[in-house]
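Q: Please take a close look at the ligand site. I am new to this structure, so build the picture step by step.

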Amino acid sequence: MKVIHLSAECYPVAKIGGLGDVAGALPKYLNQLGVEASVVMPFYERKFVQENTFETVFQANTFLGDRPFFFEVLKEASGKLGFDLYLIKILGLLDRTEVYGYADDIERFVAFQLAFLDWMLWSGKQTDIVHCHDHQTGLVPFLLYYSYRYKSLAHFRTVFTIHNGQYHGAFNWQRGNYLPEIDPWKTGLLDWSNGINPLASAVRCADAFTTVSPSYLKELSISSNGLEQLFELEKAHGTGIINGIDTDIWDPKTDPMITQKYTIKTVSAKKAKNKELLCKQFGFSAEKPLFTFIGRLVVEKGADLLPEIFRLMLADPKNPVSILVLGSGDEETELELAALKEASPGQYNAYIGYNEELAHRIYAGADFIMMPSRVEPCGLNQLYALRYGTMPIVNSVGGLKDTVIDISEPNGYGICCGAATINAVFTGIKRAIKLFKNTAELRLLYPREMTLDFSWGRSAKEYIHLYQSLKPKL
Ligand code: ADP
């Protein structure tokens with residue numbers, strides 16, 4: 001079976017969040033299970049692209065509306081990622097340093113999808129399945145089945161995975177001319193609220209759609225930025241498959257980014273050493289519990305709650321704590337979190353930005369990781385944290401609900417706050433501090449956390465099962 005994954009992100013080439021992790025891991029694990037999986041993504045001006053060798057496998061001209069463009073398909077030469085990686089290079093559109101955030105993102109990702117389909121069309125390259133990820137690739141199922149141009153590719157089966165249902169990539173019908181001629185009877189499959197909505201279209205047109213956790217599938221019909229009705233209608237056809245973690249990269253025993261590597265046997269001593277080093281770098285005393293946050297500083301992640309929660313934590317002299325933040329996102333939250341540094345030196349610090357290595361060192365050295373998310377499609381931070389013996393403090397929503405069991409339950413290993421509010425999270429923090437004071441109890445939980453099986457092995461098999469069951473939907 002051949003599967004092409006189409007994604008805007010893929011670790012280690014370009015990663016903004018969980019989508020990058022998944023696109024960089026799932027294909028590798030599928031290959032290990034006998035599926036021929038590859039990845040096709042845009043060519044960005046990133047370090048990986050500059051430092052690795054690529055060969056050009058295809059070149060052509062095509063159109064975005066009446067705008068002609070030339071594109072190339074480059075293949076990573078060494079095959080070292082465990083899957084074939086193809087980059088679509090469109091000069092002036094995709095070859096930029098950032099993945100998202102440009103005024104012409106719509107044009108960039110529509111052009112990416114058209115170039116992909118043209119490549120398939122003119123090269124004769126075959127696949128059984130095109131697995132599309134998030135709205136940046138959401139037009140592909142519709143175009144395969146209902147555009148005249150790509151009719152000869154309509155035998156490709158399609159899967160669409162939602163990693164984030166809050167973003168739809170919607171644009172108005174005035175830009176409908178970007179798409180090649182389509183069956184006029186089918187335009188309704190593109191439309192939502194009088195606009196073209198790639199996410200909605202993919203949910204309707206792909207042979208199967210999945211979300212990255214079962215709970216998130218249910219939650220989309222309650223909150224999905226305007227698509228609630230659609231998900232209410234479609235949820236019975238969806239499948240929730242929890243993400244795995246790439247244990248080649250996220251393993252405290254071998255992780256090259258952490259100073260003191262460890263196993264279940266050595267965790268207590270080595271984790272303490274990792275904490276000491278981290279605390280030294282950020283000016284903390286290693287005696288206090290170290291609370292951390294890693295992630296996008298956006299409302300979905302509850303990042304706007306953090307400054308007030310931190311103020312409450314820092315104002316309690318009976319329970320001294322250290323707090324470290326790694327993240328970037330909404331400007332106001334970034335500024336507030338940065339400003340807090342001056343108010344509480346020696347107890348609070350923040351790295352505003354993206355830093356893969358520091359993230360690894362935090363998972364290894366922290367005592368607790370906070371995830372007060374309002375929306376969490378799967379969440380990978382809690383899975384990485386657990387593998388490194390760091391306890392997650394979460395609001396039980398989406399994938400957090402499916403993966404974190406409260407310590408008050410039998411075999412529990414996390415702290416569930418019950419709501420994404422300042423009070424609920426602060427109560428969770430107080431429970432964590434109490435647990436920290438009982439060092440023996442906290443340490444007893446390390447093996448339980450570290451042996452949880454969130455590997456890709458299981459989830460990749462679920463995807464294979466889904467691939468095998470695909471039939472044309474419409
Ligand atoms: P998202 O909704 O952002 O995709 P996930 O929990 O699924 O959230 O995935 C987040 C991934 O991005 C994790 O691998 C996390 O370690 C990483 N990450 C997020 N922000 C940063 C940052 N500022 N620096 C380094 N890694 C980060």
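A: A residue counts as near the ligand if one of its heavy atoms lies within 4 Å of it. This is a predicted model, where local features need pLDDT of at least 70, side-chain atom pairs count only at pLDDT 80 or more, and totals for chains, interfaces and linings use all residues. Residues are numbered from 1 along each chain as its sequence is written, and side-chain values use heavy atoms, without hydrogens and water.

The shell first. Around the ligand are 20 residues, and Lys15, Gly18, Asp21, Arg296 and Lys301 come nearest. The shell holds seven nonpolar, eight polar (Gly is counted here) and five charged residues. Helix H1 (18–32), strand E13 (290–297), strand E14 (322–329), helix H11 (356–365) and helix H12 (381–387) each give it at least two residues. Helices (H or I, at least four residues) and strands (E, at least two) are DSSP runs, numbered from the N terminus.

Next, polar contacts, meaning pairs of N or O atoms within 3.5 Å. A polar side-chain atom of Lys15 sits 2.8 Å from a ligand oxygen. The side chain of Lys301 has an N or O atom 2.8 Å from an oxygen of the ligand. At Gly353, a polar backbone atom is 2.8 Å from a ligand nitrogen. Alone, the ligand exposes 560 Å², and the protein buries 93% of that (Shrake-Rupley method, 1.4 Å probe).

Finally, the domains, whose bounds come from an automatic or database assignment. Domain 1 (2–244 + 457–469) and domain 2 (267–453) both give residues to the shell, so the ligand lies between them.

Definitions and conventions:
Polar contact = N/O pair within 3.5 Å; in protein donor to acceptor, adjacent residues only side chain to side chain.
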